[in-house]
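Work through the exercises below with the sequence and the model open. Each task is followed by a solution in steps.

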Amino acid sequence: KRQAHVHLGIALLESDLLEEAEPHLLRGTQAEGLERALAYLYLGKLYAQTGHIPKAVEAWKTYLEMDPNSPNAERIRALLVQLGYPPK
């Protein structure tokens, strides 16, 4: 199941296993609903941690489109502004 990939990817990311986390989070972007949004949230975090800011911005903007009222949305919007990529 793709949902499992989302959660495995998050666990790997939180364990600083960034290289291992990316393919699972990418597969998670094919999941349904909020699980899919979560994959984009954490993919953004992974890309930010590895210095791929444009990819992080793209992932976070997708996340905000999918789940604009989530508890994390304000923090992500503020982060995008700080990075110089304010959301529309």
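The exercises below concern a predicted model and go from the overall fold to single residues.

**Exercise 1. Fold and dimensions**

Determine the secondary structure of the protein and decide how its radius of gyration compares with the globule rule.

Solution.
- Step 1: The protein has five helices and zero strands.
- Step 2: Along the sequence these elements give the pattern α-α-α-α-α.
- Step 3: The radius of gyration is 12 Å, and the globule rule gives 12 Å for 88 residues, so the protein is as compact as a globular protein of that length.
- Step 4: The C-alpha trace spans about 35 × 25 × 20 Å along the principal axes.

**Exercise 2. Burial, surface and contacts**

State what share of the residues is buried, what the surface consists of, and how the contacts are spread over the sequence.

Solution.
- Step 1: Buried residues make up 34% of the 88.
- Step 2: The exposed area is about 5400 Å², with 52% of it from carbon and sulfur atoms.
- Step 3: Take the contacts with a separation of 6 or more; 39% of them join residues 24 or more positions apart.
- Step 4: For charge, count 10 positive and 11 negative side chains; the centres of the two sets are 5 Å apart.

**Exercise 3. The largest nonpolar core**

Find which residues touch the most other members of the largest nonpolar core, and which helices supply the core.

Solution.
- Step 1: The core has 23 residues, and Leu25, Tyr63 and Ile76 touch the most other members.
- Step 2: At least two core residues come from each of α1 (2-14), α2 (18-28), α3 (33-49), α4 (53-66) and α5 (73-82).
- Step 3: Helix α3 gives the largest share, seven residues.
- Step 4: Leaving out residues up to four places away in sequence, Ile76 is in contact with Leu41, Trp60, Tyr63 and Leu64.

**Exercise 4. Asp16 and Arg27**

Place Asp16 and Arg27 in the fold and classify each as buried, partly exposed or exposed.

Solution.
- Step 1: Asp16 sits in the loop between α1 and α2, whereas Arg27 belongs to helix α2.
- Step 2: The relative accessibility of Asp16 is 58%; exposed means over 50%, so Asp16 counts as exposed.
- Step 3: The phi angle of Asp16 is near 65°, a positive value in a residue other than glycine.
- Step 4: Arg27 has a relative accessible area of 48% and is therefore partly exposed.
- Step 5: Not counting residues up to four places away in sequence, Arg27 touches Arg2 and His5.
- Step 6: Between Arg27 and Leu79 there are 25 Å from C-alpha to C-alpha, at a sequence separation of 52 residues.

Definitions and conventions: Residues numbered from 1 in each chain as written. Predicted model: local features only at pLDDT ≥ 70, side-chain atom pairs only at ≥ 80, totals over all residues. Heavy atoms only, no water. Core = buried A, V, L, I, M, F, W, Y, C linked by side-chain atoms within 4.5 Å. Buried < 20%, exposed > 50% of the residue type's maximum accessible area, 1.4 Å probe, protein only. Helix = DSSP H or I, 4+ residues; strand = E, 2+ residues; numbered from the N terminus. Contact = heavy atoms within 4.5 Å. Rg over C-alpha atoms; globule rule 2.2 N^0.38 Å. Areas by Shrake-Rupley, 256 points an atom, 1.4 Å probe, with all protein chains shown as cover. Lys, Arg positive; Asp, Glu negative; His and termini not counted. Charge placed at Lys NZ, Arg CZ, Asp CG, Glu CD.
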